[in-house]
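Dear colleague,

Please find below the structure that I am handing over to you. I would be grateful if you could read the notes beneath it with the coordinates open.

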Amino acid sequence: QVQLVESGGGLVQAGGSLRLSCAASGRTISNYAMGWFRQAPGKEREFVAAISKSGGTTYYPDSVKGRFTISRDNAKDTVYLQMNSLKPEDTAVYYCAAVWTFSSSHYYTDRSAYNYWGQGTQVTVSS
């Protein structure tokens, strides 16, 4: 069982930056591919970023590509999401998620693939 706790959310002006952290406990995340998702009020939870368990492969949707960066420190059992050039449309609750994987290079973009989820952290971007 993996427990995930997100932190680092808050209120920021458009154009600003935030770094989210996702701390894992229970098991080391070195055997898990990780992802970030977000959910705005009245909308579906959407994919934001994914990283393979080795950290060597990442993937982003076009909506955040070039602005967001996912990274991980397996020694600290922590995953990060650096968010730059934030826009009001980035406002949402951000969730990290984990899925056990045998592959060192595979990542997952479908939320149904993930077994473990954090409780979320609110990010609000003002215009």
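The notes below cover a sheet, the nonpolar cores, the disulfide and the salt bridges, in that order.

Please keep in mind throughout that this is a predicted model.

**The four-stranded sheet**

An open sheet of 4 strands is arranged in the order β1-β3-β8-β7, and its pairing is antiparallel. Strands β1 (3-7) and β7 form the edges; each has a single partner strand, so one side of each has no neighbour in the sheet. On average, neighbouring strands of this sheet are turned by 15 degrees against each other, with direction ignored.

Going through the sheet from β1, the antiparallel pairing of β1 with β3 comprises 5 bridges, and Val5 stands opposite Ala23 in β3. Strand β3 (residues 18-25) is in turn joined to β8 by 6 bridges, and these two strands run antiparallel. Ala23 has Thr78 as its bridge partner in β8. Strand β7 (residues 68-73) is paired with β8 over 6 bridges, also in the antiparallel sense, and there Ile70 has Leu81 as its bridge partner. The hairpin of β7 and β8 has 4 residues between the strands, and in this hairpin Asp77 adopts a positive phi near 50 degrees.

How many of the residues of strand β8 are buried? The count is 5 of the 6 residues in the range 78-83, so the strand is largely enclosed by the rest of the structure.

**The nonpolar cores**

The largest nonpolar core holds 30 residues, of which Leu4, Met34, Trp36, Leu81, Met83 and Tyr94 touch the most other members. Two or more residues of this core come from each of β3, β4 (32-39), β5 (46-51), β7, β8, β9 (92-100) and β11 (121-126). A second core, separate from this one, has 7 residues, including Phe37, Phe47, Ala50 and Ala97.

Met83 may serve as an example of the surroundings of a core residue. Residues up to four places away in sequence not being counted, Met83 touches Gly16, Ser17, Leu18, Leu20, Arg67, Phe68, Tyr94 and Val123.

**The disulfide**

A search of the whole structure yields 1 disulfide. The disulfide joins Cys22 to Cys96, with an S to S distance of 1.9 Å. Cys22 belongs to strand β3 and Cys96 to strand β9, and the pair links distant parts of the chain, 74 residues apart. Both Cys22 and Cys96 are buried.

**The salt bridges**

There are 5 salt bridges in the structure, and three of them are described here.

The side chains of Asp90 and Arg67 meet in a salt bridge at 2.7 Å, N to O. Asp90 lies in the loop between β8 and β9, while Arg67 lies in the loop between β6 (58-59) and β7, so this pair ties together parts that are 23 residues apart in sequence. Both Asp90 and Arg67 are buried. Salt bridges that share partners join Arg38, Glu46, Arg67 and Asp90 into one network.

Within that network, the salt bridge of Arg38 with Glu46 has its closest N and O atoms 2.6 Å apart. Are these two residues buried or partly exposed? Arg38 has 6% relative accessibility and therefore counts as buried, whereas Glu46, with a relative accessible area of 36%, is partly exposed.

Lys65 forms a salt bridge with Asp62, in which the closest N and O atoms are 3.4 Å apart. Lys65 is partly exposed, its relative accessible area being 48%, and Asp62 counts as exposed at 67% relative accessibility.

**The surroundings of Arg67**

Arg67 has a relative accessible area of 10%, which is under the 20% limit, and is therefore buried. Its neighbours within four places in sequence left aside, Arg67 is in contact with Gln82, Met83, Asn84, Ser85, Leu86, Lys87 and Asp90. Among these contacts are Asp90, the salt-bridge partner of Arg67, and Met83, a member of the largest nonpolar core. Arg67 and Met34, another residue of that core, are 33 residues apart in sequence and 18 Å apart in space, C-alpha to C-alpha.

With kind regards

Key
Residues are numbered from 1 along each chain as its sequence is written. This is a predicted model: local features need pLDDT of at least 70, side-chain atom pairs count only at pLDDT 80 or more; totals for chains, interfaces and linings use all residues. Side-chain values use heavy atoms; hydrogens and water are left out. Buried means under 20% relative accessible area, exposed over 50%, partly exposed in between (1.4 Å probe, protein chains only). Two strands pair if DSSP finds at least two bridges between them. A nonpolar core is a set of buried Ala, Val, Leu, Ile, Met, Phe, Trp, Tyr and Cys residues joined through side-chain atoms within 4.5 Å. Contact means heavy atoms within 4.5 Å. A salt bridge is a side-chain nitrogen of Lys or Arg within 4 Å of a carboxyl oxygen of Asp or Glu. A disulfide is a pair of cysteine sulfur atoms within 2.5 Å. Axes are lines fitted to C-alpha atoms, for helices over the stretch in contact, and angles run from 0 to 180 degrees between N-to-C directions.
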